[in-house]
Amino acid sequence: MKRNVIVLCILVFVLVVLGLAGWANYKNRTMAAAHALASQSEMVLVPDGKPAAGGGADAASAGDLGIGHLSSQLVGKTAPAFTLSDLNGNKVSLASYKGKAVQLNFWATWCAPCKIETPWLIELEKQYQPQGFEILGVSFDDLDKDDPKLLAKDKAEIVKTVAALHIPYPVLIDGDTISKPYGDTEVYPTSFFIDRNGKIVGASFGLTSKAELESNIRKALGTSPATGAGE
């Protein structure tokens, strides 16, 4: 009887140890997965060519991943011309903004960083509009052009988001049609800053900062030197 109790105690002890080891292994794997996911998110959101948050030898940057590389090459060149429809169905062309400094902001309703950035854009446009600055929002939401009902639903979702964010500047739809001339960027938000002569003087990729956006706006207005993308 005494021997059986001892054996039972040993078995219980072994099971407890194995259980604790398994739980520790599970926690370690979960934390590692969460760390990897967080690192991936950080890499997507940083501006082109700058290190990811946290630094360190294993921290990648948007430049390392090639994010915005083709789009960055547009800086210093004339902005590709385009005409898109706004939310009311009116045609809007970039050419109609000649003589103004323009921020071309690529965004989407599903883009969380875009919603963080939008209040900054609203404030900056209000601040610099008297100097001849305008923002054009270009939605990259998918549009189901083959189904009128689904297309109307897609447009309604964009209208709803624009209203919820209180966006005062024009929002154009079907941004995919101008994606190629602007470098096929797949990071949102992406902005191109165009001076009064129609030349791209700056660009930003991913969620940057209000200060960086303002710096690029000043380049477009000609109130500070144009030094290149995202600087």
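A disulfide is a pair of cysteine sulfur atoms within 2.5 Å. By that criterion, this predicted model holds 1 disulfide, and the tour starts there.

**Stop 1: the disulfide**

Select C111 and C114 and display their side chains. The two sulfur atoms are joined at an S to S separation of 2.3 Å. Set a dihedral about the S-S bond of C111 and C114: the torsion is about 85 degrees, so the disulfide is right-handed. Colour the two cysteines by accessibility next. C111 has a relative accessible area of 2% and is buried; C114, with a value of 1%, is buried as well.

**Stop 2: the aromatic cluster**

Now select F82, F106, W110, F140, Y182, Y188, F192 and F205, which form one aromatic cluster. The count of aromatic pairs comes to 8. Two of the pairs, both involving F106, are visited here.

Begin with F106 and F140. Their ring centres are 4.8 Å apart and their planes stand at 50 degrees, so the pair is tilted; the edge-to-face class would need planes over 60 degrees apart. In the chain, F106 belongs to strand β3 (residues 101–107), whereas F140 sits in the loop between β4 (133–139) and α5. The pair thus links distant parts of the chain, with the two positions 34 residues apart in sequence numbering. Both F106 and F140 are buried.

Keep F106 selected and replace F140 with Y182. What is the geometry of the aromatic pair formed by F106 and Y182? The pair is edge-to-face, with 5.7 Å centre to centre and 85 degrees between the planes. This pair also links distant parts of the chain: F106 in strand β3 and Y182 in the loop between β5 and β6 are 76 residues apart. Y182 is buried, and so is F106.

**Stop 3: T185**

Remain in the loop between β5 and β6, where T185 is placed. Is T185 buried or exposed? At 4% relative accessibility, T185 counts as buried, because the limit for that class is under 20%.

Show the surroundings of T185. Leaving aside residues up to four places away in sequence, T185 touches S71, F106, S179, T190 and F205. Of these contacts, F106 and F205 are also members of the aromatic cluster. With T190 there is in addition a polar contact of 3.3 Å between the side chains.

**Stop 4: backbone geometry**

Switch to a backbone representation. Most residues other than glycine have a negative phi, and most peptide bonds are trans. The following sites depart from that pattern.

Select Y188 and P189. The peptide bond from Y188 to P189 is cis, with omega near 0 degrees. P189 is placed in the loop between β5 (171–172) and β6 (190–194), and Y188 has already appeared as a member of the aromatic cluster.

Move to D184, which lies in the loop between β5 and β6. D184 is not a glycine, yet its phi is positive, at about 55 degrees. Its relative accessible area is 39%, so D184 is partly exposed.

Finish at H166, in the loop between α5 (148–165) and β5. Here too phi is positive, at about 60 degrees, although H166 is not a glycine. How accessible is H166, buried or exposed? H166 has a relative accessible area of 61% and is therefore exposed, the cut-off being over 50%.

Technical notes. Residues are numbered from 1 along each chain as its sequence is written. This is a predicted model: local features need pLDDT of at least 70, side-chain atom pairs count only at pLDDT 80 or more; totals for chains, interfaces and linings use all residues. Side-chain values use heavy atoms; hydrogens and water are left out. Helices (H or I, at least four residues) and strands (E, at least two) are DSSP runs, numbered from the N terminus. Buried means under 20% relative accessible area, exposed over 50%, partly exposed in between (1.4 Å probe, protein chains only). Rings of Phe, Tyr and Trp (its six-membered ring) pair if their centres lie within 6.5 Å; planes under 30 degrees apart count as stacked, over 60 as edge-to-face and the rest as tilted. A polar contact is a pair of N or O atoms within 3.5 Å; within protein, one must be able to donate a hydrogen and the other to accept it, and residues adjacent in sequence count only if both atoms are side-chain atoms. Contact means heavy atoms within 4.5 Å.
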